[in-house]
Amino acid sequence: TTENLKCDIEDNVAGTGVGGRILDMLKRQGYQTSSNSVDAGEKLLKGFASDNSPVWSVSLKDPIGLDRYSSVGPNMFDLVKNLNGVGSDDDSFLGSTWSVMTSKALFEYEKSLEYAELFDSEEFDMGHYPASLDKLHNRFRSVAQFMKMRSVRKVNREVFMLRHDGFDSHSESKDVINKMFEESNNAIKTFVNEMELQGIWENVVIVMGSEFGRSISPNRSGGSDHGWG
């Protein structure tokens, strides 16, 4: 739930998540931090507005080429950057928000192009950790790939948030849960092996959280319903 991500029951630091706040504290101590979402949203990762720490999106695939050229001639990226650059005091809230999100998306895209080239290099090759049809495996693989490039990214403390969907089983829960746990175990085991290979496993913490509780008594379909009370 949202409370699991925020850890702020009384809403004392509204708009922030526990991961983002931890990173902001580390940043204030001089560490180089990064907050990263792997198909998992930003609630846990948002820090204090005053620290201005963005949440980066970690892609599972190589970036798709965008049309850089407009019908008017100049480089499209430069044109969009100029249109969404430094604003003024009388800009609307909607306009400012649009500009911030557009600028962030372009910056992330250009960084993803840079990283994609490095992923193909011998130094950061992940051929020993191939992608698969399992989404959780691929999400952990992307995390491992980014962690391997931490020196290039100039990061020494970071949080990655992943998600694993499909536990909301209202029928045949036993078969579904067994399958989900098997996927989780295999993905985590492969990730741990990679962390050991990189020599950083002793510096990695994996935290798992549940979306919500389930009823103890099964329903008539052999599943479980949402917990209450």
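In this predicted model, Leu-136, His-137, Phe-140, Val-143, Ala-144, Met-147 and Lys-148 of helix H5 are in contact (heavy atoms within 4.5 Å) with residues of helix H6, namely Glu-183, Ser-184, Ala-187, Ile-188, Thr-190, Phe-191, Glu-194, Met-195 and Gln-198. Sorted by class, this contact holds nine nonpolar, four polar and three charged residues. Residues are numbered from 1 along each chain as its sequence is written. Because the model is predicted, local features need pLDDT of at least 70 and side-chain atom pairs count only at pLDDT 80 or more, while totals for chains, interfaces and linings use all residues, and side-chain values use heavy atoms, with hydrogens and water left out.

H5 spans residues 135–148 and H6 residues 173–198, and the two pack at an angle of about 15° with their axes 9 Å apart. The two helices are therefore roughly parallel to each other, a term used for angles under 35 degrees. H5 passes H6 in a right-handed crossing.

The largest nonpolar core, a set of buried residues (under 20% relative accessible area) joined through side-chain atoms within 4.5 Å, has 20 residues, and Met-147, Phe-160, Phe-191 and Met-195 have the most contacts inside it. Helix H4 (93–119), H5 and H6 each supply at least two residues of this core, and H5 gives the most, with six residues. When neighbours within four places in sequence are left aside, Met-195 is in contact with Ala-144, Met-147, Ile-200, Trp-201 and Val-204. Apart from this core lies another, of six residues, among them Leu-5, Ala-40, Leu-45 and Val-55.

Methods. Axes are lines fitted to C-alpha atoms, for helices over the stretch in contact, and angles run from 0 to 180 degrees between N-to-C directions. Helices (H or I, at least four residues) and strands (E, at least two) are DSSP runs, numbered from the N terminus. Angles under 35 degrees count as roughly parallel, over 145 as roughly antiparallel, 65 to 115 as roughly perpendicular and the rest as oblique. A crossing is left-handed if the near helix is turned anticlockwise from the far one by less than a right angle, and right-handed if clockwise. Ala, Val, Leu, Ile, Met, Phe, Trp, Tyr, Cys and Pro count as nonpolar, Asp, Glu, Lys and Arg as charged, and the others, Gly among them, as polar. Buried means under 20% relative accessible area, exposed over 50%, partly exposed in between (1.4 Å probe, protein chains only).
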